[in-house]
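Q: Please take a close look at the aromatic rings of this structure, how they pair and what surrounds them, for a reader who has not met it before.

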Amino acid sequence: MATYDAIIIGAGHNGLVTATYLAKAGKKTLVLERRPIVGGIAVTEEISPGFKFSTCAHLAGSFSSGIVADLDLKNHGFELLGLDPLLFAPSLDGNSLLIPRDFYKAAAEIGHYSKFDADKYPAFCALAKNLSAFLQTLYGIALPDKANPRSFNPAELLKIGWKFHRLGEKEMYEFLRVLPMSAADWLNEWFENDLLKATLAASGILGSFVGPRQQGTAFNLLHHQIGASNGALRTSGFVRGGIGQLSQALAKAAQRFGVEIRTGAEVLKIVTNSGAASGIVLQNGEEIDATQVISSADVKRTFLKLVEPTYLGPHFLLQIQNIRARGTVAKVNLALDALPKFKSSNGNDAVALGGVIHIGPTLDYLERACDDAKYGRLSAQPFLEITIPSIADPSLAPTGKHVMSVWMQSAPYDLRGSDWSQQRDTLGDRVVNLIEEYAPGFKNSILHRQILTPFDLETEYSLTEGHFYHGEMALDQIFFMRPVPGWSRYHTPIENLYLCGSGTHPGGGVTGLPGYYAAKEILKNRSRQK
Ligand SMILES: Cc1cc2nc3c(=O)[nH]c(=O)nc-3n(C[C@H](O)[C@H](O)[C@H](O)COP(=O)(O)OP(=O)(O)OC[C@H]3O[C@@H](n4cnc5c(N)ncnc54)[C@H](O)[C@@H]3O)c2cc1C
């Protein structure tokens with residue numbers, strides 16, 4: 001008898017979700033996490049005394065409400081703070097766009113620049129909402145894979161067909177037409193104002209190595225609507241206490257069902273006997289056996305670092321090596337003495353700054369920012385997604401002070417002719433100087449800064465190539481092709497070894513869904529074995 005029924009590698013939010021559902025079903029489950037805290041990329045860390053940051057992921061609006069209810073997360077300390085306004089997008093010419101949560105109020109704001117766009121905005125939101133809802137339906141189906149070729153469920157296929165039919169003829173065609181389009185082309189069909197188009201298009205390039213004119217970015221735009229979708233804008237919400245509170249709530253729920261969690265426990269290798277996983281070895285040499293091993297670490301790390309390659313076929317190994325995971329995101333976390341004052345309209349208003357702040361005012365700007373990264377250069381004028389969660393949740397900073405979290409895009413993992421140890425401060429300065437251009441005097445309010453380059457994301461947070469989604473979300477790396485074609489149902493070529501992280505279907509973001517579907521699949525397998 002193995003000591004544990006299941007060992008989960010990694011206490012990121014997906015690992016914790018899988019562990020909890022397995023324990024709930026009666027499995028003796030152990031979670032092993034290499035960092036000193038649980039949460040993976042969804043953590044709150046105090047990087048300067050009294051200033052608590054969601055160091056990596058900062059928005060949790062797409063976390064599954066089904067899992068929240070199922071695991072009673074609210075009673076374990078999870079509280080989502082919805083954003084309103086959703087977004088504030090300043091530009092250097094003094095104009096700015098404010099997008100309140102309500103479609104009609106947003107349309108009124110847009111109307112200051114274009115009546116044509118204002119009239120069309122609610123219809124665009126409704127369409128985006130319907131298309132992303134259908135995408136979510138597709139995320140919910142179990143796709144066929146090599147381990148279970150006969151388990152494809154025709155009833156599920158019929159259900160999908162019915163939901164697709166219910167979109168109506170026009171939207172059925174729109175779904176098929178829009179998904180492979182570029183975000184820019186799609187938005188150009190709808191709107192005329194560039195600030196609005198850039199603001200919406202930013203969702204199409206988040207975390208990807210592409211600009212808004214790249215084919216397939218319309219899919220990304222829709223992917224970021226999933227969750228408590230408000231239509232045309234990204235779903236967004238802070239977690240009270242920082243995003244780490246979600247992970248803490250998940251850990252409490254897990255422990256309630258008997259899951260053991262060990263932090264500071266790095267798995268060195270997955271032990272395999274006669275082609276089947278039978279346990280793990282920790283960095284300190286300790287061996288722990290288990291009937292099943294489930295990895296929430298990214299897929300490349302799992303197969304290229306933790307498993308003996310002799311157990312994997314050359315074709316499978318090549319597929320894993322070919323997963324595109326080119327990191328392009330950096331994070332700059334700033335402790336502030338005061339709120340920034342943007343020079344554009346609304347820019348002095350704390351309410352306006354309480355949602356997401358976008359710096360990336362035109363489609364050309366976003367495209368050029370990405371062009372630099374394509375050629376291995378840190379973007380001269382990067383796209384920034386900024387949040388100041390201490391406006392909604394003052395507990396994150398000392399009284400009167402603030403925490404600012406800046407997502408900077410187009411910071412390529414592979415720098416041409418340089419490396420991140422030389423460029424870390426350049427990146428930090430570039431971000432701060434850019435914000436200063438939009439909000440003069442901002443620099444003087446900085447008390448402390450933390451810079452996380454793609455290399456830091458790899459070394460500190462275990463993200464191969466610093467990729468924030470454990471592998472790009474792109475049309476050739478989703479659905480039955482995630483993580484690789486043929487292995488979309490959390491199984492692997494090694495018996496009793498499963499995957500459950502963001503690199504698996506339905507992909508990245510703080511959704512909990514890969515972890516949930518993985519647990520469902522593993523439990524289904526067990527009942528089949530009985
Ligand atoms: C800078 C940044 C900002 C982001 N912002 C957002 C956002 O605002 N909203 C959003 O929805 N998504 C965001 N994302 C993406 C999102 O955070 C991830 O898709 C998601 O959190 C990944 O969760 P996970 O549980 O699948 O994996 P992870 O959180 O990566 O968890 C994997 C865990 O495995 C552990 N591990 C790895 N190897 C080992 C080993 N050998 N032994 C033991 N443990 C190991 C790691 O330490 C880690 O804790 C962001 C990502 C980054 C990097």
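A: In this predicted model, the charged end of Arg-256 is placed over the ring of Phe-257, at 4.8 Å from the centre of that ring. A second case of this kind involves Lys-28, which lies over the face of Tyr-4 at 4.9 Å from the ring centre.

Rings also meet other rings, and the structure holds 16 aromatic pairs. In one of them, the centres of the rings of Phe-88 and Phe-342 are 5.7 Å apart and their planes stand at 80 degrees, which is over the 60 degrees required, so this pair is edge-to-face. The two partners come from distant parts of the chain, since Phe-88 belongs to strand β6 (residues 87-90) while Phe-342 sits in the loop between β13 (329-336) and β14 (356-359), and 254 residues separate them. Phe-88 has 0% relative accessibility and therefore counts as buried, and Phe-342, with 2% relative accessibility, counts as buried as well.

Another edge-to-face pair is formed by Trp-407 and Phe-468, with 5.1 Å from centre to centre and 80 degrees between the planes. Trp-407 is part of strand β16 (residues 402-409), and Phe-468 is found in the loop between α15 (454-461) and β18 (497-499), so the pair ties together parts of the chain that are 61 residues apart in sequence. Both Trp-407 and Phe-468 are buried.

Ring pairs can also join into a group, as they do where Phe-124, Trp-186, Trp-190 and Phe-191 are linked into a cluster. One residue of that cluster, Trp-186, appears again in the largest nonpolar core, where Tyr-121, Trp-186 and Leu-427 are the residues with the most contacts inside the core. This core has 94 residues, and helix α4 (residues 115-139) supplies the largest share of them, namely 11 residues. As for Leu-427, once its neighbours within four places in sequence are left aside, it is in contact with Ala-330, Val-332, Leu-378, Met-408, Ala-411, Trp-420 and Ile-451. Apart from the largest core lies another one, of 40 residues, and among its members are Tyr-21, Val-239, Ala-251 and Leu-513.

The cysteines can be considered next to this picture of the interior. A disulfide is a covalent bond between the sulfur atoms of two cysteines, and the structure holds zero disulfides. For Cys-56, which is in no disulfide, the nearest cysteine sulfur is that of Cys-500, and it is 18 Å away. Cys-56 counts as buried because its relative accessibility is 6%, under the limit of 20%, and Cys-370, at 4% relative accessibility, counts as buried too.

The setting for these details is a chain with 16 helices and 18 strands, in which buried residues make up 61% of the 530 residues. Among the contacts between residues at least 6 apart in sequence, 72% join residues that are at least 24 apart. The C-alpha atoms fill a box of roughly 70 × 55 × 50 Å along the principal axes, and the radius of gyration of the chain is 22 Å, which agrees with the value near 24 Å for a compact globule of 530 residues.

Conventions. Residues numbered from 1 in each chain as written. Predicted model: local features only at pLDDT ≥ 70, side-chain atom pairs only at ≥ 80, totals over all residues. Heavy atoms only, no water. Phe/Tyr/Trp six-rings, centres within 6.5 Å; stacked < 30°, edge-to-face > 60°. Helix = DSSP H or I, 4+ residues; strand = E, 2+ residues; numbered from the N terminus. Buried < 20%, exposed > 50% of the residue type's maximum accessible area, 1.4 Å probe, protein only. Lys NZ or Arg CZ within 6 Å of the ring centre and 35° of its normal. Disulfide = S-S within 2.5 Å. Core = buried A, V, L, I, M, F, W, Y, C linked by side-chain atoms within 4.5 Å. Contact = heavy atoms within 4.5 Å. Rg over C-alpha atoms; globule rule 2.2 N^0.38 Å.
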